[in-house]
Amino acid sequence: MSTTPATAPSHDATVADTAIRTQRRRVYVASAVGSIIEYFDFLIYATAATLVFPQVFFPESTAAVGLIASFGTLAVGYLARPLGGVFFGHLGDRVGRKSVLLWTLTIMGVATMLIGLLPSYAHIGVLAPTLLVLLRLVQGFAVGGEWGGASLMAVEHADEKKRGLFGSATQLGAAGGLLLSFVAFSLVTNLLDDHLYTWGWRLPFLATIVMVAVGAYIRLGIDESPIHKAELEKREDGSVNAEVARWPILQVLHERPGRVLLGIFTYAGPFMAYSVATTMLVSYASSPDQAAAHGFDAVGKGSLMNAMMIGTAGMLITAPFFAHLSDKIGRRPVFVTSALLTVIHVFAMFPLVTSGHFGLAVLSYFISMTILNASTMALVPALLAELFPTKTRYTGVSLTYQIGSTLGGGLGPMIAATLIVPSGPGAVAVSAMIAGLCVVAAICGTVLGDTRKVDLRNA
């Protein structure tokens with residue numbers, strides 16, 4: 001008589017479970033790598049917009065106007081993101097997540113590389129900033145479909161009790177991309193100005209193509225989302241409840257307009273805090289003109305980059321922790337608490353960074369990046385995925401996230417740059433703008449409630 005317990009798993013079941021766990025790990029890595037490239041591209045562009053683009057592409061403008069124009073090109077890329085989200089979301093909902101992600105990754109990387117090859121204003125005149133804007137549009141269009149697909153692949157592959165944790169792959173990638181961009185520009189900013197403005201700034205942009213090749217290789221080895229695959233199978237067998245969303249964008253706006261709006265404003269405030277801290281605040285704190293106008297000592301760019309690197313490195317640990325915490329106690333308490341704490345911190349952010357003390361700058365970036373940014377952004381992939389049904393989820397998540405990121409990350413630094421000009425209202429107005437949006441985020445997060453127990457197959 002066999003002594004094997006009746007409940008013992010079969011060999012085939014054990015092999016299947018191992019295969020599922022292996023595939024989940026691969027998807028997690030693939031989502032993180034895509035996010036690394038996205039955020040690397042974002043920050044090298046934002047850093048270049050602060051440090052070199054005014055001189056390279058807008059040399060005939062005054063310093064303030066050149067900076068605003070440079071951040072304007074940053075905003076242009078964000079304006080293209082919702083369009084990319086709708087376009088690639090449409091394909092992702094009707095065809096599949098995996099193939100779309102290969103295209104977004106490739107287009108995003110090629111556009112970034114071409115920015116690094118652009119001639120300067122001195123060589124081709126006004127055509128140089130024109131081409132910069134066009135490539136930024138292409139880059140933003142591709143990024144519009146990248147984040148939503150990468151997030152969904154991680155969340156839809158995950159165990160239902162670990163969706164927050166798996167969704168945090170994109171936030172880990174964000175931290176990794178930020179760190180790589182800091183390292184890249186820390187190296188090139190040590191060059192002499194003549195070298196920095198001619199070829200040095202181009203190197204980080206050209207390096208993107210290597211990361212794209214690695215990312216494409218990893219993505220080729222992962223499976224399609226099992227939840228979306230099940231949806232496709234229902235469509236094929238003619239299930240009544242599996243009708244194809246012919247135009248996912250119209251169906252999302254018709255069926256769940258409230259969730260789209262709540263999702264947008266849940267995300268916009270925290271992302272504006274992050275975006276301003278990592279871009280505009282650097283140019284403000286390191287500008288002698290701003291220092292003279294507002295009564296502080298200009299801070300070295302190198303010191304600010306180091307402070308940001310420390311705060312960002314901490315996110316590698318805290319992002320998965322807060323995401324896992326949201327799986328345990330709910331998305332709402334973690335997110336709302338963080339959004340309200342951000343309201344307080346944004347008023348301390350400028351004084352701490354411009355204090356002239358490196359330790360206080362590190363403290364500010366530790367609070368804003370390691371704690372507040374990690375405890376809001378790491379939850380967003382799972383939170384947004386839980387708002388929409390499978391047949392329109394890619395479109396809904398991408399549209400919501402990209403409009404929120406356009407308001408926070410695109411328009412935020414540009415508006416902030418106009419507020420902190422020497423004749424403007426200054427840093428307090430910037431902090432008030434961010435704080436107002438973060439209060440709205442906390443309200444929206446409260447209204448959305450706890451979504452962690454939603455069944456993604458029947459959302």
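## A tour from alanine 158 through the helix pairs

Begin by selecting alanine 158, which counts as buried because its relative accessibility is 12%, where buried means under 20% relative accessible area, exposed over 50% and partly exposed in between, with a 1.4 Å probe and protein chains only. This is a predicted model, in which local features need pLDDT of at least 70 and side-chain atom pairs count only at pLDDT 80 or more, while totals for chains, interfaces and linings use all residues. Residues are numbered from 1 along each chain as its sequence is written, and side-chain values use heavy atoms, with hydrogens and water left out.

Alanine 158 sits in the loop between H6 and helix H7 (163-167); helices here are DSSP runs of H or I with at least four residues, strands are runs of E with at least two, and both are numbered from the N terminus. Show what surrounds alanine 158: leaving aside its neighbours within four places in sequence, this residue is in contact with Arg24, Arg163 and Phe166, contact meaning heavy atoms within 4.5 Å. If you then add tyrosine 28, you will find a residue 130 places away from alanine 158 in sequence, with the two C-alpha atoms 9.0 Å apart in space.

**The whole chain**

Zoom out before going further, and colour by secondary structure, which shows 21 helices and 0 strands in the protein. Of its 459 residues, 58% count as buried. The accessible surface of the protein comes to about 17900 Å², and 68% of that belongs to carbon and sulfur atoms, the areas coming from the Shrake-Rupley method with a 1.4 Å probe, and only the protein chains shown counting as cover for residues. Among contacts between residues at least 6 apart in sequence, 85% join residues at least 24 apart.

**H6 with H20**

Next select helix H6 (residues 127-157) together with helix H20 (residues 393-419), whose axes are 9 Å apart and which pack at an angle of about 125 degrees; axes are lines fitted to C-alpha atoms, for helices over the stretch in contact, and angles run from 0 to 180 degrees between N-to-C directions. H6 is therefore oblique to H20, given that angles under 35 degrees count as roughly parallel, over 145 as roughly antiparallel, 65 to 115 as roughly perpendicular and the rest as oblique. The crossing of these two helices, H6 and H20, is right-handed, and a crossing is called right-handed if the near helix is turned clockwise from the far one by less than a right angle, left-handed if anticlockwise. On the H6 side, the residues to display include Gly148 and Gly149, and on the H20 side they include Tyr394 and Val397. By class, this contact of H6 with H20 has 6 nonpolar, 6 polar and 2 charged residues, where Ala, Val, Leu, Ile, Met, Phe, Trp, Tyr, Cys and Pro count as nonpolar, Asp, Glu, Lys and Arg as charged, and the others, Gly among them, as polar.

Stay in this region and select glycine 89, which lies in helix H3 (residues 63-94) and is buried, with a relative accessible area of 0%. Not counting residues up to four places away in sequence, glycine 89 touches Gly84, Tyr394 and Thr395. The C-alpha atoms of glycine 89 and glycine 149 are separated by 7.8 Å, although the two residues are 60 apart along the chain.

**The end of H20**

Follow H20 to threonine 418, a residue of that helix, which counts as partly exposed at 37% relative accessibility. Then select leucine 419, also found in H20, which is buried with a relative accessible area of 18%. Beyond its neighbours within four places in sequence, leucine 419 is in contact with Gly424, Pro425, Gly426, Ala429 and Val430.

**Two further helix pairs**

Select helix H8 (residues 169-188) and helix H16 (residues 301-329), which pack at about 160 degrees with their axes 9 Å apart and are therefore roughly antiparallel to each other. The residues of this contact of H8 with H16 divide into 15 nonpolar, 4 polar and no charged.

Finish with helix H17 (residues 331-353) and helix H18 (residues 358-377), whose axes come within 9 Å and cross at roughly 160 degrees, in a left-handed crossing. Among the residues that meet are Phe335 and His345 in H17 and Tyr365 and Leu372 in H18, and the contact divides into 12 nonpolar, 7 polar and no charged residues.
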